[in-house]
Every structure is written in C-alpha cells, then in structure tokens.
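Work through the exercises below with the structure open. Try each task before reading its solution.

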Amino acid sequence: MTMLKEGRPTAPVTVKDAHMAPATATGNRALMLEEALIFEIGSTDTTGVDFAPAPKLATRLGGLERGAIGLPGLSEQETVRHYTRLSRQNYAIDLGLFPLGSCTMKHNPRLNEKVARMPGFADLHPLAPQSTVQGALAVIHELAEWLVTLTGMHAVAMSPKAGAHGELCGLLAIRSALEARGDARSVVLVPESAHGTNPATAAFCGYKVEDIPATPEGRVDLAALTARLGPDVAAVMITNPNTCGLFERDLKTISDAVHAAGAFVYCDGANFNAIVGRVRPGDLGVDAMHINLHKTFSTPHGGGGPGSGPVVLSEALAPYAPLPFVERQGDRFVLIEEESAEDHHAGTFGRMVAFHGQMGMFTRALAYILSHGADGLRQVAEDAVLNANYILRSLDDVLDAPFGGSGPCMHEALFSDKGLADGFTTLDIAKGLIDEGFHPMTMYFPLVVHGAMLVEPTETESKAALDQFIMALRSLAQRAKAGDEALKGAPYHAPRRRLDETLAARKPVLTWEAPTLAQAAE
Ligand SMILES: Cc1ncc(COP(=O)(O)O)c(C=O)c1O
C-alpha cells in the first residue's frame with residue numbers, strides 16, 4: 001500500500017473479515033448507532049413537555065374528539081437524537097455517488113439552495129396580491145422562456161408537480177385538442193422502451209393502452225408503430241432518450257407519421273439532461289413533453305416531496321394549456337387565472353393545482369440555468385453522456401451490455417444478468433454494492449432486459465468517483481460470475497441484513513402495534 005510522507009496509508013485500510021467481528025452488547029457498531037422505533041424508546045405514559053393541563057372548554061369539535069392516541073412522550077433531546085440517528089442511516093447524494101438509472105441523482109448546487117431560501121421567495125403566500133410579488137412572477141416567466149427556448153416549443157405549463165403529473169397535463173391537453181375538433185379517440189400507443197408512468201398515465205386518462213415492440217437494438221420498432229396508426233389513435237408516448245439509454249433516432253419520422261394520422265406525439269422528457277442544449281424536441285415534431293426540473297435542472301428529489309414537471313407544448317396544443325400562467329404585459333407580470341382567461345385562453349382544459357406550481361423548484365432551476373448559461377447546459381448533456389459511456393465501456397468485458405453494439409449510450413449504461421453463475425442474480429450485485437458503500441443501481445428495469453442493471457452516473461461525478469464505482473461493480477460482477485457464495489449473504493455491513501423483499505412488498509407491516517400484555521411479559 002502506498003504511504004503518505006506522514007506515514008498514513010493513501011487508501012482506507014480494508015478489514016476483510018469485519019462481518020466476523022464479535023457482536024456488541026448494545027447492537028451498535030462503532031459510532032454507527034442501532035436505532036429502535038420511537039414507540040420503543042418513549043413511553044405513552046410520559047411527556048416531553050411540562051404544560052399546565054389544558055383548561056376545560058366547551059367542545060368545539062362537535063363530538064369528534066378522540067381519547068388518548070398513544071403517542072410516545074420523549075424529551076426534546078431524545079427526539080432530536082432519534083431522528084438524527086435515523087438520518088445517519090440514510091444514503092444521500094451528499095455522501096456519495098448515487099447510480100440509480102432513470103433518476104438523475106446529480107449534485108444539487110448550494111447556490112440554488114441559497115437562492116431558494118431568500119425570504120422574498122421562500123416566505124411568499126400564494127394569495128399575496130400580484131402587485132407585491134412581481135419578482136416571483138418574473139422568475140416563473142423567465143424560467144418558462146428558458147424552457148420554451150431550450151426545447152424549441154411554443155408554450156409551457158409550469159404548474160405540474162412531477163413528471164407523471166406532467167404526463168397527465170400533456171394528455172389532458174391532447175384530449176382537449178381532439179375533442180375541440182370533434183374527434184375523440186380511444187387509444188394511446190406506448191413503446192416497450194417507454195417509462196412505466198407513461199402507460200399508467202394514459203390508462204388513468206381513460207385511454208386504452210397498446211404496446212409497440214422494441215427492435216433488437218433497443219429502439220421503437222418504426223414499422224410496427226406506423227402499421228398500428230389509425231383513426232382511433234389519440235397519441236403516441238415516447239420516452240427519448242429511452243429507458244434503454246438510447247436516443248430514438250427515428251423520432252422525426254415517427255412524428256410525421258403520427259401527425260399524418262391525425263394524432264399527437266407525447267415525449268417523456270425526463271431524460272432531457274442527456275440532450276439539453278444539443279437537441280430541441282420541438283424540431284423533432286413533439287407536441288407535448290414534460291421536463292423533470294428535479295432531474296435535468298438539479299432541484300432536489302424529495303421523498304415524495306417537491307418535484308416539478310413543467311410541460312412544453314406545440315402551437316397546436318398551447319390553446320389548451322392549464323391555468324394559471326404568467327404573462328408579461330408591458331413592464332408588469334400578470335397571472336392569468338379563470339377570470340382573465342375568458343377572453344384569450346378560453347380553450348384551457350382547466351387547472352392542475354390549487355396555486356401556481358413549486359416556487360422553490362422554479363428558483364432553484366433558474367439559478368441552475370443562469371449559472372450554467374447556454375454553453376454550460378450543453379456541456380451538462382455532453383458530460384452526462386461521456387460519463388455513462390465511460391462506465392459502459394469500462395465494464396462491458398465483465399457485464400453483458402445488451403445494447404452495447406447499438407452505438408454510444410446516452411446518459412445511462414444498461415447491463416443484464418447474462419453470464420452470471422447459476423443462482424446468482426442482479427439482486428446479489430445490488431446488495432453487494434451496499435457493502436461497497438454505494439446505493440444500488442436501478443434493478444430489473446427496463447423490463448425489456450433480463451435482470452436489468454441501469455446505471456446513471458450524471459455529469460456531476462468526477463473521474464475518480466467513477467473509477468471507484470467501476471472498481472466496485474467490476475469486483476462484484478467477477479464474484480457473481482465465479483459463483484462466490486458469500487455474495488448471496490450481502491449486505492454484511494449495513495444496519496440491516498438482506499430482507500425478504502417479496503414478503504416486504506406483498507405483506508408490508510407499515511404500522512406499529514402495541515405489544516399485548518402477554519408479549520410484553522415475554
Ligand atoms: C423516464 C421517466 N419518465 C417519467 C418519470 C416520472 O417522473 P416523476 O417521478 O417526477 O413523476 C420518471 C421518473 O423516474 C422517469 O425516469
């Protein structure tokens with residue numbers, strides 16, 4: 001091992017038999033603390049606060065009052081420690097590379113956070129008079145202009161709150177446009193290489209969903225798609241770049257054929273980070289496309305939290321866009337809502353959200369765009385693609401890359417489980433990655449590939465970080481090919497060992513129940 005001049009090793013010392021270490025009395029491992037459920041730490045008989053009993057007032061709940069609800073009482077310090085210990089068991093992009101494919105877990109620049117926390121943006125009330133929030137409306141308007149320019153489209157609906165919500169918005173606009181011309185249609189075509197939310201959205205909108213197969217090289221089967229077009233087809237939903245990490249080169253030809261058949265093209269733009277600044281979907285004939293601000297423009301992915309999925313629209317669909325939207329009138333910004341829409345936006349299909357969308361995401365995304373500039377955004381796409389190809393080519397000698405021969409990949413590298421020893425699976429490699437200190441890659445998706453492993457490194461990772469990840473994945477692939485039985489027991493070093501994933505999915509235990517007296521006595 002190389003030593004620094006101070007005598008310290010340059011690489012961490014590896015303890016090969018760490019999992020053989022004796023158990024500790026507490027269950028803690030070094031400074032990584034074991035954590036019990038909050039109900040097991042606190043007692044329902046105690047309280048962490050010292051308030052005088054509430055005065056007996058006449059009830060205002062009309063008989064809906066509950067009795068004791070059994071919340072554990074903890075002191076402030078115990079509460080803070082409980083949640084801090086739990087948070088340390090989370091993996092996060094701020095701890096290390098997060099290779100989840102189709103998720104774009106990139107670094108969220110701190111500048112974005114600083115901008116979003118400025119009181120003028122963070123403390124806004126959605127019902128504040130428009131004259132008092134001109135700066136916020138200007139931000140929404142400027143971001144909208146950037147999105148329209150970057151995509152080469154005609155208009156943008158800013159309010160949808162996630163990618164899937166954006167898909168719903170796009171399909172509702174398509175349905176309104178068809179109904180406006182008295183041509184309601186019933187079918188949406190979804191290629192096999194599309195993201196799973198696409199068929200779900202189409203079905204949610206009441207359309208019949210029909211699959212279009214992928215070619216052996218992982219792209220939409222153009223002949224099968226054009227053969228299926230007809231007067232019942234409302235739209236085709238295409239993910240580009242697709243979930244195999246490939247660019248759909250035939251998209252313009254597909255769009256022309258779809259338009260000739262009187263239908264619309266919905267493009268799932270969640271992977272826009274691979275082409276931003278290089279390709280404008282509007283030039284490829286797209287009619288509607290959502291952009292996941294929380295991916296391409298680096299706003300954080302909240303746990304079920306603050307996503308944002310603005311939808312860019314073609315000229316044909318713009319009249320049906322949802323309310324509200326921001327319009328510039330001279331030197332003022334005006335929010336067009338129901339009352340003002342009557343005269344010049346009567347075709348709107350309605351409203352998707354109560355207010356205006358995710359202001360905190362808008363400020364972050366605009367900060368990201370302005371700090372990169374047009375050339376910086378182009379470099380984002382180039383580096384995202386370069387990093388993914390680096391991973392693909394560094395590992396295709398040990399892992400099967402089913403579409404490795406279809407040319408360079410876009411922003412994600414796709415591998416399959418072909419060639420692993422009998423009985424070894426993608427899951428074993430994923431669990432092994434946890435021991436190596438990485439969040440696992442996306443597993444078993446896309447469905448067109450057996451035992452898929454989808455790796456999206458993003459443009460924000462350095463070569464050193466990629467090399468460390470490649471080293472880890474290479475070693476796991478070699479172990480899985482050699483039939484190293486120990487891999488089947490991974491993870492060894494995580495707070496919990498391998499769980500029964502089927503049982504956890506089929507019979508999840510999501511609520512805590514107080515033990516019975518007999519159980520408590522055991
Ligand atoms: C290709 C693709 N489409 C759509 C979505 C849905 O986006 P959201 O999770 O914001 O609803 C995702 C999210 O993972 C995606 O990767």
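Two exercises on helix packing and burial follow.

This is a predicted model: local features need pLDDT of at least 70, side-chain atom pairs count only at pLDDT 80 or more, and totals for chains, interfaces and linings use all residues. Residues are numbered from 1 along each chain as its sequence is written.

**Exercise 1.** Describe how helix 13 and helix 14 pack.

Step 1. Find helix 13 at residues 426–435 and helix 14 at residues 463–482. Helices here are DSSP runs (H or I, at least four residues), and strands are runs of E (at least two), numbered from the N terminus.

Step 2. Take the angle: about 135 degrees, with the axes 10 Å apart. Axes are lines fitted to C-alpha atoms over the stretch in contact, and angles run from 0 to 180 degrees between N-to-C directions.

Step 3. That angle makes helix 13 oblique to helix 14. Under 35 degrees counts as roughly parallel, over 145 as roughly antiparallel, 65 to 115 as roughly perpendicular, and the rest as oblique.

Step 4. List the contact residues (C-beta atoms, placed from the backbone, within 7 Å). Helix 13 gives Asp428, Ile429, Gly432 and Leu433; helix 14 gives Ala472, Leu476, Ala477 and Ala480.

**Exercise 2.** Is helix 13 largely enclosed or not, and what covers its buried residues?

Step 1. A residue is buried if 20 or more other C-beta atoms lie within 10 Å of its own, exposed if 12 or fewer, and partly exposed in between.

Step 2. Seven of the ten residues of helix 13 are buried, so the helix is largely enclosed by the rest of the structure. Among them are Thr426, Ala430 and Lys431.

Step 3. The cover includes strand 11 (442–443), strand 12 (453–455) and helix 14.

Conventions:
Two residues are in contact if their C-beta atoms, placed from the backbone, lie within 7 Å.
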